[in-house]
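Colleague: I would love to walk through this model with you. Could you take my questions one at a time?

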Amino acid sequence: MSSSGAQDRVLERHPWDERFMRLAIALGERNLGLTWPNPSVGSVVVDESGDAPVIVAQGATQAGGRPHAERVALAAAGERARGATLYVSLEPCSHHGRTPPCADAVVEAGVTRVISAVEDPDTRVAGLGHARLRAAGIEVVAGCLEPLARRAHRGHIARVTRGRPVVTVKLARTTEGLAGSRNGPRLMITGDIANAKVHLMRAHADAVMVGVGTILADDPLLNVRLPGLESRAPVRIVLDSHLRTPLTARIVAGAREIPTWIVTTLAAPVGAERALVAGGVEVLRVADEGGQVSLSEALTLLGTRGLTRLFCEGGPGLADALARADLIDELILVTGRSARGEGDVPALGLALQDRMDALDLYADEQVGSDLFMFWEKP
C-alpha cells in the first residue's frame with residue numbers, strides 16, 4: 001500500500017481495536033514511576049489473519065526507560081510480527097536517542113497496521129513517527145482511546161510541553177472536612193485498605209513531595225510498604241526553605257538507600273547543606289518567593305531532572321500554596337469514614353477551594369470504609 005493509501009484509511013477501525021488498546025494502556029501503567037524521564041508505554045502485537053484476532057506478544061517500557069515498549073513486544077513476537085497489527089499507547093518515536101527509532105523497528109518487523117492512541121507532543125516526534133510508518137506503506141489508525149491514553153501519559157505530556165512534572169495532590173479529611181490537629185497527636189483518618197492504595201499510588205509516581213512541616217511533625221518514611229513493591233519507592237522530595245530538616249529525620253537516615261532531594265532557597269545556610277549532603281541527601285537551590293521556595297521554579301528544576309509524575313502528600317498548607325500558584329493538575333481527596341482523634345485543621349484551604357471550581361470530577365471509588373474522589377484539570 002502506498003503512503004497516500006495508508007493516509008486515506010487512517011480512520012478505519014476494527015471492532016476489537018479498543019479492547020487491545022485498553023490492554024496496551026494498562027501494560028504501560030504498570031511501570032509508571034520506573035521509566036522516567038521516558039514515558040511508560042504499552043504495546044501489543046495481534047495476529048488478525050484468522051477468524052478471530054490473537055495476541056502474539058505484549059510489552060511495556062522497561063525500568064530506566066529502555067528498551068521501549070514496541071521493541072519489547074516485537075522482540076517477543078519475532079517472525080509472527082510480520083503481517084500483524086501493533087497496538088501502542090503512544091506514537092512510536094522517530095528520533096535517534098540511545099537506541100534507534102522505534103518507528104524503524106516497526107517497519108523492519110513487517111507490521112502492516114499500527115493502532116496508536118495519542119500523538120507524542122515531544123518536538124522530536126510530534127507526528128513524525130506516524131509519518132514514517134505511513135511512508136513505509138503501513139496503515140496507521142491514530143487516536144484510539146486518546147483521552148484514556150492522555151491521562152496515562154499526562155506526566156510525559158506535562159514535562160515536554162510545560163517543562164515540569166504533572167502534580168497530583170492527595171489530601172485526606174474526616175467527614176467533617178478536617179485534616180489534622182495543630183497541637184494534638186496525629187489524626188488517623190484512613191483505614192488500612194485506603195493506606196495500601198496510597199502506597200500503590202506512590203509506587204507509580206516518580207517522586208513524592210512534602211514540605212518540611214510534615215517532616216518535623218510526622219517524621220515520615222515516604223517509602224512504599226507493600227509486599228513485593230518495596231523496591232519501587234519514588235524519589236523523596238522535601239521543600240525546605242531554610243534547611244530545617246533534622247539530620248535525625250528518617251528520610252535522611254535512609255537517603256543512601258532511597259534518593260532524597262531537598263529543595264531550598266539560595267539564602268539557606270551552607271553549613272546545613274553540607275551536613276545533609278554528608279548524610280546522602282541531594283540539596284537543590286532555587287529562588288525564593290516571600291522567603292519560601294518558589295514553587296514554579298522548583299517544579300521547573302524537577303522537570304529538568306527528568307521527573308514526570310509528582311505525588312504531593314504535604315498536607316493542607318502545601319496543597320493550598322500549590323493551588324495559589326495554579327500548579328495542581330490532579331486532586332485526590334480521600335474522606336475517612338472512621339477517623340480516630342480530634343482535628344482542627346481544615347483539609348481544604350481557601351485557594352484550593354477556589355481552584356476546585358476549575359477542576360473536573362472524573363472518578364470516585366469506595367476503598368474499604370473510605371471514599372476516594374479524583375479531580376483533574378480539563
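**A first sheet, and then the whole chain**

Modeller: Gladly, and let us begin with one pair of residues: Val44 has Tyr87 of strand 3 as its bridge partner. Please keep in mind that this is a predicted model.

Colleague: In which sense do strand 1 and strand 3 pair?

Modeller: Strand 1 covers residues 42–47 and strand 3 covers residues 85–88. They are joined over 4 bridges, and the sense of the pairing is antiparallel.

Colleague: What is the order of the strands in the open sheet of 5 strands?

Modeller: The pairing in this open sheet is mixed. Its edge strands, each pairing on one side only, are strand 2 (54–60) and strand 5 (139–142). From one strand to the next, the twist averages 15°. The order is 2-1-3-4-5.

Colleague: Which helix packs on that sheet, touching strand 4 and strand 5?

Modeller: The helix we want spans residues 128–135, and its direction makes about 150° with that of strand 5. The strand 4 that this helix touches is residues 113–116. The name to remember is helix 5.

Colleague: Stepping back, how does the radius of gyration of the protein chain compare with the globule rule?

Modeller: The protein chain has 14 helices and 18 strands. For its 378 residues the globule rule gives 21 Å, and the chain comes close to that, so it is as compact as a globular protein of that length. The radius of gyration is 23 Å.

Colleague: What share of the contacts between residues at least 6 apart in sequence join residues at least 24 apart?

Modeller: Let us place this beside two other overall values: 53% of the 378 residues are buried, and the C-alpha atoms fill a box of roughly 70 × 45 × 40 Å along the principal axes. For the contacts you ask about, the share is 72%.

**Strand 6 and what surrounds helix 8**

Colleague: Is strand 6 mostly covered or mostly open?

Modeller: Strand 6 runs over residues 166–174. It pairs in the parallel sense with strand 14 (residues 309–312) over 4 bridges, and also in the parallel sense with strand 15 (residues 330–336) over 7 bridges. Of its 9 residues, 8 are buried, so to speak of the strand in one phrase, it is mostly covered.

Colleague: Which residue of strand 15 is the bridge partner of Arg173?

Modeller: On the strand 14 side, Val169 stands opposite Cys312. On the strand 15 side, the partner of Arg173 is Thr335.

Colleague: How far does helix 8 reach from its first C-alpha to its last?

Modeller: Helix 8 is made of 12 residues, 192–203. At 1.5 Å a residue, 16 Å is expected, and the helix comes close to that. Its reach is 17 Å.

Colleague: What covers the buried residues of helix 8?

Modeller: The buried residues are Ala194, Val198, His199, Met201, Arg202 and Ala203. An α-helix has 3.6 residues a turn, so residues three or four places apart point the same way. The cover includes strand 6, strand 14, strand 15, strand 17 (360–367) and strand 18.

**Single residues worth a look**

Colleague: Which side chain does Glu376 join in a polar contact of 2.5 Å?

Modeller: Glu376 lies in strand 18 (residues 370–376). At 16% relative accessibility it is below the 20% cut-off, so Glu376 counts as buried. Among the residues it touches are Arg154, Asp329 and Tyr362. The polar contact is with the side chain of Arg151.

Colleague: Is Pro147 buried or exposed?

Modeller: Pro147 is found in helix 6 (residues 146–152). Its C-alpha atom is 8.5 Å from that of Ala117, 30 residues away along the chain. Because its relative accessibility is 65%, over the 50% cut-off, Pro147 is exposed.

Colleague: Where is the cis peptide bond with omega near -5°?

Modeller: Most residues other than glycine have a negative phi, and most peptide bonds are trans. One cis bond joins Trp36 and Pro37, with omega about 10°, and Pro37 lies in the loop between helix 2 (17–30) and strand 1. The bond you ask about leads into the loop residue Pro67, between strand 2 and helix 3 (69–77). It runs from Arg66 to Pro67.

Colleague: What is the phi of Asp219?

Modeller: Asp219 sits in the loop between helix 9 (212–218) and strand 9 (235–239), and is partly exposed at 26%. Its phi is positive although it is not a glycine, at about 50°.

How values were computed:
Residues numbered from 1 in each chain as written. Predicted model: local features only at pLDDT ≥ 70, side-chain atom pairs only at ≥ 80, totals over all residues. Heavy atoms only, no water. Buried < 20%, exposed > 50% of the residue type's maximum accessible area, 1.4 Å probe, protein only. Helix = DSSP H or I, 4+ residues; strand = E, 2+ residues; numbered from the N terminus. Pairing = 2+ DSSP bridges. Axes fitted to C-alpha atoms, helices over the stretch in contact; angles between N-to-C directions. Contact = heavy atoms within 4.5 Å. Polar contact = N/O pair within 3.5 Å; in protein donor to acceptor, adjacent residues only side chain to side chain. Expected span 1.5 Å × (residues − 1). Rg over C-alpha atoms; globule rule 2.2 N^0.38 Å.
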